[in-house]
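User: I should like to learn how to read the surroundings of a single residue in a structural model. Could you take me through one case?

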Amino acid sequence: MDFGTGAPVLLPDGKRKKTYVFRIVLSNSRKGYSEATFSQTTEDFFRCLENAFAHFGGVTRTLVIDNLKAAVKHPDWFDPVLTPKVQSFALHYGTVILPTKPYMPRHKGKVEGGIKYVQSNGLKGRAFASLEEQNQHLAQWEAGVADTRIHGTTKQQVGKVFREVEQRCLHPLPRERFAHFHEARRMVNRDGHVEVARAYYSAPPEYLG
């Protein structure tokens, strides 16, 4: 899965606002899910992933991602470090997130291939009046074009393989979506408290300062 450049949104004043398109592709059937966003924050990454899981009706056992700043704290060949929030997200959904190896384009072929496909086929030459309109178009394109095609590698219809083979292999969705939280450093004041969102909490005296 990865983010790439999406189609522009035409604002009422005539200006064009840049968008990004998130795409995840299942490795067996090649079924995909696409969603346009205005940014590439960790919250955008989580929301798109959760919407994809809901669309597929289950959770994949592993997720191979590009080295997104929103997800990977320290890219590394052997021991990449995910951000604490992404680790918590993976634990909540019972999946394993594996960043691609840096500086090795062949390890991210499927990831980049999914983005190029939606850019060249689903969004090429298009502009939209709103982000909602772009996402409605992407949903229709996935169902009417991407799912019905005969994939060049598998030589089978994408949607048919997903429904008959791959969907039942997905893990069930958890009852609730991931509870988002924010991370920030805090100092323990002289009175033994830390401030979080204008509320104060006591801390052990050894953490003063």
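**Reading a buried loop residue**

Analyst: Let us begin with accessibility. In this predicted model, S29 has a relative accessibility of 1% and therefore counts as buried, since buried means under 20% relative accessible area.

User: Where in the chain does S29 lie?

Analyst: S29 belongs to the loop that links strand 4 (20–25) with strand 5 (32–37). The protein chain has five helices and 11 strands, and 41% of its 209 residues count as buried.

User: Which polar partner does the side chain of S29 have in another side chain?

Analyst: A polar contact is read from a pair of N or O atoms within 3.5 Å. Here the side chain of S29 pairs with that of E166 at 2.4 Å. The side chain of S29 also reaches the backbone nitrogen of K31, at 3.2 Å.

User: Which residues does S29 touch, leaving aside those up to four places away in sequence?

Analyst: S29 touches V158, V161, F162 and E166. These four are among the buried residues of helix 5 (residues 158–166), which also include G159.

User: How are the buried residues of helix 5 arranged around its axis?

Analyst: Viewed down the axis of helix 5, its buried residues fall within an arc of 165°, so they line one face of the helix.

User: What covers the buried residues of helix 5?

Analyst: The cover includes helix 1 (42–56) and helix 4 (131–146). For the chain as a whole, 57% of contacts between residues at least 6 apart in sequence join residues at least 24 apart.

Key:
Residues numbered from 1 in each chain as written. Predicted model: local features only at pLDDT ≥ 70, side-chain atom pairs only at ≥ 80, totals over all residues. Heavy atoms only, no water. Helix = DSSP H or I, 4+ residues; strand = E, 2+ residues; numbered from the N terminus. Buried < 20%, exposed > 50% of the residue type's maximum accessible area, 1.4 Å probe, protein only. Contact = heavy atoms within 4.5 Å. Polar contact = N/O pair within 3.5 Å; in protein donor to acceptor, adjacent residues only side chain to side chain. Arc of directions from axis to C-beta.
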